[in-house]
Amino acid sequence: MFPRWSALLLVLLFVLCSSGAKVVTIDVNAAKALIHTGSVYLDVRTVEEFEKGHVDAVNVLNIPYMLDTPKGRVKNPNFLKEVSSACNKEDHLIVGCQSGVRSLYATTDLLADGFKNVNDMGGGYMGWVKNKLPVKTLLPKEEL
């Protein structure tokens, strides 16, 4: 019997193979370069994670892919609708999360929904911080 994460990985591989869209994962330095040329950084972490610190970019959006509920995290049922309201399907998007898992799922969903220019940022915010790239916080230091 497979562990639960193995089943999720198999489902993700099936979705990636069957959607016809190929997820392109780039490292944080390539993401930084694209952000500086006008790509939108789409942070798919929770609002609370975003407020504690996020990629410092001119064009940054926070649209959570997962929502915290009393029963745990669940997929945001309005994710695609919210992104479609904020972005055009031709916009260049860099999708990031905390470590690179949620962004992979979000990128897969965006490509399947018809977004054309979407890249997944491998390593997520943790990789960004590890590489000492610029960050921004919305909370005062005493709340961090």
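Here are some short exercises with worked solutions on a predicted model of one protein chain.

**Exercise 1. Getting an overview**

Find how many helices and strands the protein chain has, and what share of its residues is buried.

*Solution.* Start with the secondary structure: the chain has 6 helices and 9 strands. Next, turn to burial: of the 144 residues, 38% are buried. Then look at the outside, where the accessible surface is about 8400 Å² and carbon and sulfur atoms account for 59% of it. Finally, consider contacts between residues at least 6 apart in sequence: 63% of these join residues at least 24 apart.

**Exercise 2. Tracing the open sheet**

Work out in which order the strands of the open sheet lie, and which strands stand at the edges.

*Solution.* Begin with the order: 5 strands make up the sheet as S1-S8-S7-S2-S4, with parallel pairing. Now look at the two ends of that row. Strand S1 (24-26) and strand S4 (60-62) each have a single partner strand, so one side of each has no neighbour in the sheet. As for the twist, neighbouring strands are turned against each other by 30 degrees on average, direction ignored.

Zoom in on one pair. Strand S2 (residues 40-43) and strand S7 (residues 92-96) are joined in the parallel sense by 4 bridges. Within this pair, Asp 43 has Gly 96 in S7 as its bridge partner.

Last, add the helix: H2 (residues 28-36) packs on the sheet and touches S1, S2, S7 and strand S8 (117-121). The direction of H2 makes about 95 degrees with that of S1.

**Exercise 3. Following a hairpin**

Determine how strands S5 and S6 run relative to each other, parallel or antiparallel, and how many residues join them.

*Solution.* First locate the strands: S5 covers residues 66-69 and S6 covers residues 72-75. They run antiparallel and share 4 bridges. Then check the connection, a hairpin that passes from S5 to S6 through 2 residues. To place the pair by eye, find Thr 69, which stands opposite Gly 72 in S6.

**Exercise 4. Describing a helix pair**

Describe how helices H4 and H5 pack, giving the angle and the distance between their axes.

*Solution.* Two packed helices are described by the angle between their axes and by how far apart the axes are. Here, H4 (residues 79-86) and H5 (residues 101-112) pack at about 70 degrees, with their axes 11 Å apart. Angles from 65 to 115 degrees count as roughly perpendicular, so H4 is roughly perpendicular to H5. The crossing of these two helices is right-handed. To finish, find the contact residues: H4 contributes Phe 79, Leu 80 and Val 83, while H5 contributes Ala 106, Asp 109 and Leu 110.

Conventions. Residues numbered from 1 in each chain as written. Predicted model: local features only at pLDDT ≥ 70, side-chain atom pairs only at ≥ 80, totals over all residues. Heavy atoms only, no water. Pairing = 2+ DSSP bridges. Axes fitted to C-alpha atoms, helices over the stretch in contact; angles between N-to-C directions. Contact = heavy atoms within 4.5 Å. Buried < 20%, exposed > 50% of the residue type's maximum accessible area, 1.4 Å probe, protein only. Areas by Shrake-Rupley, 256 points an atom, 1.4 Å probe, with all protein chains shown as cover. Parallel < 35°, antiparallel > 145°, perpendicular 65-115°, else oblique. Left-handed = near helix turned anticlockwise from the far one by under 90°.
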